[in-house]
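I opened my notebook today to look around a ligand site and then a few backbone details. Here is what I looked up, in the order I went through it.

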Amino acid sequence: MSIKVLLGVSGGIAAYKAAELVRRLREEGAQVRVVMTTAALSFITPLTLQALSGNAVRSDLLDPRAEAGMDHIELARWADLVLVAPATADLMARLAAGLADDLLTTLVLATTAPLVLAPAMNHRMWLHPATRENLARLQKRGVRVLGPAQGDQACGEWGPGRMLEPTEILDVLPLRVSSDLAGKRVMVTAGPTREALDPVRYIGNRSSGRMGYALASSLAARGAELVLVSGPSALSAPHGVDLVRVETALEMEAAVMERIGDCDLFVAAAAVSDYRPRDRAGEKIKKDRTELDLHLVKNPDILARVAALPEGPFTVGFAAETERLEEHALDKLEKKGLNMIAANLVGGRTGGFERNDNALLVLWSGGRKSLPLMSKTRLADALTDVVVERYLAYLSSQDS
Ligand code: CTP
């Protein structure tokens, strides 16, 4: 189902990018309604955004004619996502303070939809302590902030404050919603694990958590109740997701097993360390030896444990391979007793760790689907489509 995006445009020179943003959102199948602040009207005409969005553009809270159609509360309810691009320093300050002094700020207060901001302003304004404080307050409330980018600014200066390009914004927005998974509980694992060697050092890996967080967000957008068990990651909890933070593989295993009982679907996207140091030094290890042997012991395979549960959830695993992708992935599918596996090639020039894009080969007993290279957010949406389709087919096969 297409997502309903309420695009808020505030008054900065980057407002001209809103036109392309609307066009691209429509191309992705989104329904778009635009709300502009009074200041935005000085930078771009409502007519342009009306023509591109196919809907009347609103800017006035107290417009009797507009309120006679879809009033502002209805508009706030209509949105699946509120995106403000550009978000000026002034708008961020008003949102942080919880003001409702125009249509856009009123809508933000009245909606329960996730809020995403793409800031744009002079770099000194962006770095000003007042803006930093407002940003921190908004992020603490779960507002997602995209950018700004560094670069040449319209004022002739250089620094952070340039609004992201519409394509960069689109790459990271979940754009599909449905209620296919309403009433279902889904658990996703994400990120790396850290296995301590001493109080300051650990064995870890380069997983950023991006794929798992994007998947959690896509699955939540299909109506599922989401638990995300994550190793250390710089990412913040996606909207509507219950985030459980852990550090080690053993902690991840405990967090998963404690909560898996009432889950219908389990997606293991975490890059769990296969081994951990047998002993953790109580004090920092000193460099007084020329050689140091580490004794490692195997970590439990969380995914295999969940897949082996009697009456366990529908399980989806990942496989990262450097060669013979399909053969190795099918082997894991079978050995671990999974319902599905999403495999990707790593170590080459295509996606993988620490990248924004990836490609996947999804395999299940009797079927396969290849998902080409795309941003991890788009890929999460595409993988969620396949997972939901296979899961619903599995449920109906159980019924018959
Ligand atoms: N996994 C897990 N617990 C572990 C190890 C892996 O839950 N201790 C999950 C991962 O989240 C992922 C899948 O299992 O879904 C990866 O399987 P794994 O056998 O670890 O793949 P590789 O690490 O690629 O294995 P190998 O090094 O043997 O190829």
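**Entry 1: polar contacts.** Before looking at the ligand, I fixed my cut-off: I call a pair of N or O atoms a polar contact if they lie within 3.5 Å. I also noted to myself that this is a predicted model. With that rule I went to Ala268, where a backbone N or O atom lies 2.6 Å from an oxygen atom of the ligand. I then checked Leu303, and there a backbone N or O atom lies 2.9 Å from a ligand oxygen. At Ala320 I found a backbone N or O atom 3.3 Å from an oxygen atom of the ligand.

**Entry 2: how covered is the ligand?** I looked up the areas next. Taken alone, the ligand exposes 590 Å², and the protein buries 74% of that. I also asked which pocket it occupies, and the space taken by the ligand turned out to be the second largest pocket.

**Entry 3: who stands around it?** I counted 13 residues around the ligand, and those that come nearest are Ala268, Ala270, Pro300, Phe318 and Lys336. Sorting the shell by class, I got eight nonpolar residues, one polar and four charged. Two elements give two or more residues to this shell: helix H12 (302–307) and strand S16 (314–321). Strand S16 provides the largest share, with three residues.

**Entry 4: salt bridges.** A general reminder I wrote in the margin: side chains of opposite charge can pair when their charged atoms come close. Taking a side-chain nitrogen of Lys or Arg within 4 Å of a carboxyl oxygen of Asp or Glu as my rule, I arrived at a count of 25 salt bridges. I picked one to look at, Asp262 with Arg185, where the closest N and O atoms are 3.1 Å apart. This pair links distant parts of the chain, the two residues being 77 apart. I found Asp262 in the loop between helix H11 (249–259) and strand S13 (265–268), and Arg185 in strand S8 (residues 185–190).

**Entry 5: backbone details.** Where do cis peptide bonds turn up? I noted one joining Ala85 and Pro86, with omega about 0°; Pro86 lies in strand S3 (residues 81–87). I noted another joining Gly147 and Pro148, with omega about 5°. Pro148 has its place in the loop between strand S5 (144–145) and strand S6 (149–152). I finished with Glu311, a residue other than glycine that has a positive phi, near 55°. Glu311 sits in the loop between H12 and S16, and I had already met both of those elements in the shell around the ligand.

Terms used. Residues numbered from 1 in each chain as written. Predicted model: local features only at pLDDT ≥ 70, side-chain atom pairs only at ≥ 80, totals over all residues. Heavy atoms only, no water. Near = heavy atom within 4 Å. Polar contact = N/O pair within 3.5 Å; in protein donor to acceptor, adjacent residues only side chain to side chain. Areas by Shrake-Rupley, 256 points an atom, 1.4 Å probe, with all protein chains shown as cover. 1 Å grid on protein atoms, 1.4 Å probe; cavity = no way out; pocket = protein on both sides within 12 Å on 5 of 7 lines; lining within 4 Å. Sits in = over half its atoms within 2 Å of the grid points. Helix = DSSP H or I, 4+ residues; strand = E, 2+ residues; numbered from the N terminus. Nonpolar A, V, L, I, M, F, W, Y, C, P; charged D, E, K, R; others polar.
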